[in-house]
Amino acid sequence: MLDTTTKKRIDDCRDILVGKLPDPKAQIEQITIALIYKFMDDMDKEAIELGAIAKFFSGDFEKYSWDNLFDAKVTANQMLTLYSDAIASMDKNPNIPQLFRDIFKNAYLPYRDPETLKLFLKTIGEFEYTHSEKLGDAFEYLLSVMGSQGDAGQFRTPRHIIDFLVAVVDPAKSDTILDPACGTAGFLISAFKYIMGLATITPDERRRIIANFTGYDISPDMVRLSLVNLYLHGFSDPHIWEYDTLSSEDRWNETFDVILANPPFMSPKGGIRPHKKFSISSNRSEVLFVDYIAEHLNPKGRAGIIVPEGIIFQSGTAYKDLRKMLVENHLYAVVSLPAGVFNPYSGVKTSILLMDRA
């Protein structure tokens, strides 16, 4: 449950940024980067208290520590220069784990108002690093305000739809789990929480379960958000890859016990240009994603995927071929969702396809 203090801090951060960054997605990216920056400094302070040395802000990066940013002798303009330089170069920091370097990849400060930055970082400074549910809930709340549809047709899936789909597919603690269009990792986190609620899980089992989760996304911004979301839910080494599921063959041979997805409905002008390994010939993203999922299930694997209802009724050759393949091999149920589930992002009527290879 998100507590009111944490919610207010998130809202305050967005209110500070909105005058410079009206796009909710840009606000979320800046809050994400700043939170991880602050948490690295918190972990350095914790290490020093335990008799160790600072790890993240050391060597050439010591000058960027949180305390140095807020040194009384540092002006707002100097703070802006320090912070801007820090986030732009942090992915080159040899002292931080690869996960953090991935989060800071291509990061930059998109505004140059020192007073806005100072007030923003002061508010970020009220957060403290922890792996408690509080921070995970705070970040999920932050992601929920992403109100505009992404360039590739991505939009947020309502939490109750995610949880319903996960419960029906029923992932087990030994299952390998993929979302091939993972966005902010909502399906992966819901599946993780579902598995953790099935029985008492030992620390060793928890580590093995976490290692079984994989996500792909074509957008580097979505990869960054999903990495942070998983990290704040206890994934110290999340397996999220910037990957074009439909056009790249690099991971074609990876198969999974469970696949969960709400892939982008939109195909770009001219269609997708897929490689030649798909069994269905099409340039429509919804057709290719369903085909991909069906072909990447292990024996006895299960899948749940949200699709535009055109998959069920369209008369084109690719749609007919896909339906024939599904009915003959994998499909065991279709759940028709009410109209308007994805408003205001999309008015497309949708359904859930449930598949297995039992």
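Two strands count as paired here if DSSP finds at least two bridges between them. Keep that in mind as you click around this predicted model.

**Stop one: β5 and β7.** Select residues 297-308 for strand β5 and 350-356 for strand β7; the two pair antiparallel, over seven bridges. For one rung of that ladder, show G304, whose bridge partner in β7 is L354.

**Stop two: the whole sheet.** Now bring in the other strands. You're looking at an open sheet of seven strands with mixed pairing, in the order β3-β2-β1-β4-β5-β7-β6. Its edges are β3 (239-242) and β6 (331-336), each pairing on one side only. From one strand to the next, the twist averages 15 degrees.

**Stop three: β4.** Go to 256-261. Is this strand mostly covered or mostly open? Covered: six of its six residues are buried. On one side, β4 pairs in the parallel sense with β1 (177-179) over two bridges, and L178 stands opposite I259 there. β4 also runs parallel to β5, joined to it by five bridges; have a look at A261, which stands opposite I305 in β5.

**Stop four: helix α8.** Select 159-169, and you'll see α8 lying across β4, β5, β6 and β7. Against β5, the helix runs at about 155 degrees.

**Last stop: a surface patch.** Stay on α8 and pick F164, which sits in this helix. Add V168 and Y332: with F164 they form a nonpolar patch on the surface, with about 260 Å² of accessible area together. F164 itself counts as partly exposed because its relative accessible area is 38%, and partly exposed covers the range between the 20% and 50% cut-offs.

Definitions and conventions:
Residues are numbered from 1 along each chain as its sequence is written. This is a predicted model: local features need pLDDT of at least 70, side-chain atom pairs count only at pLDDT 80 or more; totals for chains, interfaces and linings use all residues. Side-chain values use heavy atoms; hydrogens and water are left out. Helices (H or I, at least four residues) and strands (E, at least two) are DSSP runs, numbered from the N terminus. Axes are lines fitted to C-alpha atoms, for helices over the stretch in contact, and angles run from 0 to 180 degrees between N-to-C directions. Contact means heavy atoms within 4.5 Å. Patches are made of residues with over 30% relative accessible area and no salt bridge: like charges are joined within 9 Å, nonpolar side chains (Val, Leu, Ile, Met, Phe, Trp, Tyr) within 5 Å. Accessible areas come from the Shrake-Rupley method with a 1.4 Å probe; for residues, only the protein chains shown count as cover. A salt bridge is a side-chain nitrogen of Lys or Arg within 4 Å of a carboxyl oxygen of Asp or Glu. Buried means under 20% relative accessible area, exposed over 50%, partly exposed in between (1.4 Å probe, protein chains only).
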